[in-house]
Amino acid sequence: MLKNMANTYGPWMLAGVVLISKICWILSTPIRSLGATTWIQDDAFIELAVARNIALGHGFTYDGLHATTGSPFLWTYLASIPHLFFTKGFAIQSDFILSAI
């Protein structure tokens, strides 16, 4: 019985442990250090800038003036939600957690 449960739930438990570990790492790491990691590329920065501008009411724009189409539509709107409720630093960490899920 236990062996059957381990085969059934083992991969999900491993995925849960990895997800919780990644979330803890993101929350415990300063924003400047997160920006220095190799898995955050230019596209992520652009998407976060557009998401922040959406939350600030500037629309779907990178610089606050000119409209952009260089960012995934649905993901950018989802990433803008934490910017409505949290400070800039915690909103960025929340976006990283969203991307981990």
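**His83 and the two sides of helix H4**

Colleague: Setting aside residues up to four places away in sequence, which residues does His83 touch?

Modeller: Happy to start there; this is a predicted model, where local features need pLDDT of at least 70 and side-chain atom pairs pLDDT 80 or more, while totals for chains, interfaces and linings use all residues. Numbering starts from 1 along each chain as its sequence is written, and side-chain values use heavy atoms, without hydrogens and water. With contact meaning heavy atoms within 4.5 Å, and residues up to four places away not counted, His83 touches Leu48, Ala51, Arg52, Ala55, Ala91, Ile92 and Asp95.

Colleague: Nice, and which residue's side chain makes a polar contact with that of His83?

Modeller: A polar contact is a pair of N or O atoms within 3.5 Å, one able to donate a hydrogen and the other to accept it; residues adjacent in sequence count only if both atoms are side-chain atoms. At 2.9 Å, the partner of the His83 side chain is that of Asp95.

Colleague: Is His83 buried or exposed?

Modeller: His83 sits in helix H4, a helix being a DSSP run (H or I) of at least four residues, numbered from the N terminus. Buried is under 20% relative accessible area, exposed over 50%, and partly exposed in between (1.4 Å probe, protein chains only). Because its relative accessibility is 8%, His83 counts as buried.

Colleague: How wide an arc do the buried residues of H4 cover around the axis?

Modeller: The buried residues of H4 are Thr76, Ala79, Ser80, Pro82 and His83. They lie on the same side of H4, because, going by directions from the helix axis to the C-beta atoms, their arc is only 150°.

Colleague: Which exposed residues are on the face of H4 turned away from that buried side?

Modeller: One of them is Phe85, which is exposed because its relative accessible area is 63%. The full set on that face is Leu74, Leu84 and Phe85.

Colleague: Which helix gives the most to the nonpolar patch?

Modeller: The patch joins Leu27, Phe73, Leu74, Tyr77, Leu78, Ile81, Leu84, Phe85, Phe86 and Phe90, with about 1000 Å² of accessible area together. Its members have over 30% relative accessible area and no salt bridge, and nonpolar side chains are joined within 5 Å. Seven of the patch residues come from helix H4.

Colleague: And how many helices does the protein chain have?

Modeller: The elements run α-α-α-α-α from the N terminus on. There are zero strands, and the helices number five.

Conventions
Patch = residues over 30% accessible without salt bridge, like charges linked within 9 Å, V, L, I, M, F, W, Y side chains within 5 Å. Areas by Shrake-Rupley, 256 points an atom, 1.4 Å probe, with all protein chains shown as cover. Salt bridge = Lys/Arg side-chain N within 4 Å of Asp/Glu carboxyl O. Helix = DSSP H or I, 4+ residues; strand = E, 2+ residues; numbered from the N terminus.
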